[in-house]
Amino acid sequence: MGIAGHQVLLTLLALGVIPVVANTLQAVLTLQLNFVGNSLLTWRRRTSGSDVPVRVRWLRFQLARLASLLLSVAMFPVLAPVIGTSPAYWSLLVAGAAVNFCLDRYWSFRPDRRSPAHSAARLARPANPRWIVAGIAGTAAAALLLALVWLDAFLVVVSVFMVVVATTTLVFQLYKWWRPEHNDPHRYGNPGSPELPGAILVPMRDEEAVAGPTLRRLSNLDHPQYWVIPIVDHEDDMATARIAHAAARQSPERVLVCPYPEDTDVHNKPIGLNRAIRMLHDLEVPYEWVGIADAEDVFHPDLLRMVDHRFRTTGAGIVQCGVQLMNATTDPASLPLPAGRLGRVRRWWRAHNSGWWRAANVLEYYKWFQSRLKLQAAAGVMPLGGNTVFFRREFLEALQARYGSYWDDDCLTEDCKIGMVASVLGYEVDVVYVDELVTREETPDSLRGFLRQRVRWMQGFMQVFAEREWTQLPTLGKRVLALYVLGFQFLQAFAGLLAPVGLALALAHKAPVAITLLATVPLAISLLNLLLDLLMLGQFGRTFGIQVRLRDRVGLALGAYPFQLVLSAAAVWATVRFARGRGDWMKTAHSGAHFDPAEVTELAPRAREAA
Amino acid sequence: MTSTVVHDVVGIRQVVPMRRQIRIGVEEWLRSHRRGLVVLLPLLAVVAVVHAKGMANYPDWVDDPGTYLSQAWSFQYERALSPYSYFYDHTPAGWMLLGFWSMLTNGFGRHATAIGFGNECMLIAKVVSSGLLYVLGRRLGMSRPGAAVVVALFGLCPLELVYGRWTFLDNIVTPWILLAFVLAYSPRRSIAAATGSALSFAMAALTKETALILLPAFIWAFAQNLDRRNRSQLIAVAAFCGLLLMALYPLYALYKGELVPGPDRNSLLGTARWQLLQRQSSGSLLDPHGTTAGMFADWLRYDRILLLGGLVAIPPAFLVRRLRPAALALAIGWLALLRGGYLPFMFVLTLLPWSALLIVGVLERAAGNWRLAGRRLPLAGWRAGQAGVVVRNLVVGVAVVALAVTVASWAPSLRQMTAVTGEPPLRSAERWVADNVPRNKVLVVHDAIWTDLVQKYGFQPRPIIVYKLDTDPAVRASLHRIDYLVMPDWYYQTPDGASKYPTAIEAHKHAVPVAHFGSGHGAVTIYRVSALWRPR
């Protein structure tokens, strides 16, 4: 600690800071390092498992050290004439050390014993959204101040931060290819005959375009014993309900319609899901697992066998299967033909000027489900992917025991939180991405739709962060990872945005060459990301039999920076909404574009913008 | 031993604290590698002792180490890449590394001379290179005794000892290149290992740009260890990171505005053009009158076995799958010798590690090591039978005898090299100057003593390195007089002198000798230049 403080002092002096200020800064810094060292090394055993929050300990520590310092300083002129300068100094030093030790042991780092009842089911207190946003704004303001006062230091700090974010992003996205075993085609084993009964819940609202084909497909999957439970609202959405009942009449041994509860005004997914589970219990339907499907999902017929196999072999509480967006290219056939004049021309135009963000979105999913989720599952921190997720009954019962309901009625992205809770409760999550078995989805129709979807997700992440459930994760490493994952979307967007800005600033300001070189590195890593994206676009095309043309790659390359702009805009919008506490459910429009047109017989697809 | 009661935890990591986890990890690593460590560590100690004993006195000081150490000193104390203007003659990572080591450990302050600090760094580089050679041998598939023999050949060869003691950039390149190969052959084949490998090669190129000639061999080694399951992403990430690190050098020149040639300034491309096109060629090895042939004869005086043994081992090594990239590396070195072009005398350092590796590799393969052939199964056919056993034992016997003979023939040279007691003449000259010359005199000195005169003895105005006297415009502009000349005698006798440092030769004609040290080729005479003479 002393050596570190000395080095800091020398550095500060070398940088031209005046000695008094330098000394004060290094003293403060050394004190904080002292606190960290004490809490992590010396007193760790005493304080682990204690209820006292870290900031209270920190405050106590600062007060204690300040008090002992003032006391020593005050005592010195009193003692020195009596026993001599040198003995006074050394005795005060020793006494001060002893006092510090006692204060540390009996006050700052005192182990507080919790009562057993309190420790049984401890739920985290959610944080105030305003505080979080204020914190973010404060950090931004401090950074801006530093930029105005001392641009070189600002450039160094920002560049280092961006290099860290960019490198960790890269590592997360490359997890699937990190070692050859991670990409082995036989890594999931061979599913045998299925043994576990289950149910698939399909919440549907205003989905007449796709309800029929979806239910028909879901009813014909390759599994001997499972139920399909469409959840429909008879009051508001009679059209979809009619389709659901028709399907139930057609396959009575497979489809059971669940009515959305009439006694509530709020309409969201979690309420419907909870109701469906209760219905299963009431009707005493045997089920070992529950799956969630969106109204437009296309499950592969063999998917349930794989899920069954994974539940049995890994004993996981959750099995997350791959979801893949498919319309990455500028191929006009991947979009619906609009009605009216010049339909084909308009479709061609729309395909080509939306290709850049659709390709980026598709690749995001590609990397998310193949790499990031698996890394997070391996680390035990698990914001889930959304749909095609299957829960074991045992896990749902554990949720019920802890929270009183299966899904949180208030949460915006129910999938993010439930994954975190699984990590907290210690249930393993198994991520299965087999190219043939992925659920095929589509990107939102328009850039505005994409933006709304992204805002909703980011707001959901912020909400989960604010609820502080992640603080209950068992180890420090997992908590850090959870914090990073929850904040990742924001960090990535802003880092991508700032990378060229940093370099431009350094060049314009004629910063020292070393700093300019440092500012080049984040931009270079963004370039590496782009190269890997182009590579993966080709791999995606080969895997799913989609032709990727030069214009698709060019669009992806040119659209990389605008995509970061869009993500940053979504991040800002989400922060604003979060601060205001707006939690309503923004639905994104789906037009069923990825269905085979021959299958859609009942109603012509209609694209609608959500309100 | 503490016991813990475990409730409701999923993983053992949640219960065992981090410190203990790390300790358990380290203990496990030591236990699984104990046999290798038992073989390697004593050998490294022997190599270190042989290298270190007498390194202050032998060999004599030459100019390149002095130059690099003066640049390292300037990096640490002046935050500049050279005490004079940096003109992109070599990539700077080598002396920057020396500078960083000195910053961390107060290197220049701890040693009485800068060359002493350089010797310490070369000792570290030698030990690290030897360790990496062992690991590389093992990863290629050699047995533990075989890899140990590679280290012994490399560490105890007199030729390697002499050149390894001088602070050359090649001695810093060797650990980086070996690290690049070691990581390229990583058994885990992860993106991290591949990226580390590419970055190490980039560091080698940034230490001395001539390391780039080994790029084909490195790429071959890299490609040999790829797994098709993660091949594309791995190549993309590793290649990009390696290129990025290498690109920092031209980017540095670009940001300083010194990339393209222009009037009155240094430039990277200008120096590169001069080095590739305009430098005087040393002639091919096959030309008996060229410099290269003379250089080669000098090398052979120290030792023939490793150099020529390596040459002989190249053709059979190409037949062994895992040895091919190393054989290519050595072949490239020999081709450069045969081709001619400008070759400095420390070029032998590029050849020696690979020679040691190939000699032992070929013998091991002949003795029946099937892992070197890239096979997963042991021998088949006649090699598995009686005849095979006889042949293998014969080869092993011959190898052991050859090793004994080699070490025995090296022992006298080694003993002589480690037992030199007299200090180098330049060191004595430096002492004399420090004791007898007032600090305000202008000296023209040899590179090796420049740093000490500036740092330890505080000569002001700063002494001038002899090669900069006529080539650096800033020096010429500020030159008013010369008071002393401190250089080895052969500087005045070589025919190049009049073209490279005419002012010094001219001053020598107007000077009287005041002190003389040493004898033979390395003798140093200190001259005091007449006060009436002024350089033009």
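**Chat: charges and strands**

Biologist: Hi! Where in chain A does A:Glu262 lie?
Modeller: A:Glu262 is in the loop that runs between strand S3 (258-259) and helix H12 (269-282) of chain A. Keep in mind that this is a predicted model.

Biologist: Thanks. Why does A:Glu262 count as partly exposed?
Modeller: Because its relative accessibility is 43%, and the partly exposed class covers values between 20% and 50%.

Biologist: And which residues gather in the patch of negative charge on the surface?
Modeller: A:Glu262 belongs to that patch, together with A:Glu235, A:Asp263 and A:Asp265.

Biologist: Switching to salt bridges. How many over all chains?
Modeller: The count comes to 25. One of them pairs A:Arg312 with A:Glu195, where the closest N and O atoms are 3.4 Å apart. A:Arg312 sits in helix H13 (residues 303-314) of chain A and A:Glu195 in the loop between helix H9 (175-178) and strand S1 (198-203), so this pair ties together parts 117 residues apart in sequence.

Biologist: Is A:Glu195 buried or exposed?
Modeller: A:Glu195 is exposed, at a relative accessible area of 54%. Its partner A:Arg312 is partly exposed, at 31%.

Biologist: What does the side chain of A:Arg392 meet in a salt bridge?
Modeller: That would be A:Glu288, with an N to O distance of 3.5 Å. A:Glu288 lies in the loop between H12 and strand S4 (289-292) of chain A, while A:Arg392 is in strand S7, so the pair links parts that are 104 residues apart in sequence.

Biologist: Buried or exposed, for A:Arg392?
Modeller: Buried, because its relative accessible area is 17%, under the 20% cut-off. A:Glu288 counts as partly exposed at 29%.

Biologist: Next along is A:Arg393. Which residue forms a salt bridge with A:Arg393?
Modeller: A:Glu397 does, and the closest N and O atoms are 3.9 Å apart. The two are four residues apart in helix H15 (residues 393-403) of chain A, so about one helical turn separates them. Both are partly exposed: A:Glu397 at 30% and A:Arg393 at 26%.

Biologist: Which residues are linked with A:Asp184 in a network of salt bridges?
Modeller: B:Arg189, B:Asp227 and B:Arg229, so the network has residues of chain A and of chain B.

Biologist: Now the strands. What is the order of the seven strands in the open sheet of chain A?
Modeller: S3-S2-S1-S4-S7-S5-S8, with mixed pairing. S3 and S8 are the edge strands, each pairing on one side only.

Biologist: How many bridges join S5(A) to strand S7 of chain A?
Modeller: Three, and those two strands run antiparallel. On the other pairing, four bridges join S5(A) to strand S8 (residues 429-432), and there the strands run parallel.

Biologist: Which residue of S8(A) stands opposite A:Gln320?
Modeller: A:Val431 does. In S7(A), A:Gln320 stands opposite A:Val389.

Biologist: What holds strands together in general, when they pair in a sheet?
Modeller: Backbone hydrogen bonds, in either a parallel or an antiparallel arrangement.

Biologist: Last one: which residues of strand S5 of chain A are buried on its two faces?
Modeller: A:Ile318 and A:Gln320 are on one side, and A:Val319 and A:Cys321 are on the other. All four are buried, and both faces of S5 (residues 318-321) are covered.

Terms used: Residues numbered from 1 in each chain as written. Chains lettered and ligands numbered in written order. Predicted model: local features only at pLDDT ≥ 70, side-chain atom pairs only at ≥ 80, totals over all residues. Heavy atoms only, no water. Buried < 20%, exposed > 50% of the residue type's maximum accessible area, 1.4 Å probe, protein only. Pairing = 2+ DSSP bridges. Patch = residues over 30% accessible without salt bridge, like charges linked within 9 Å, V, L, I, M, F, W, Y side chains within 5 Å. Areas by Shrake-Rupley, 256 points an atom, 1.4 Å probe, with all protein chains shown as cover. Salt bridge = Lys/Arg side-chain N within 4 Å of Asp/Glu carboxyl O. Lys, Arg positive; Asp, Glu negative; His and termini not counted. Charge placed at Lys NZ, Arg CZ, Asp CG, Glu CD.
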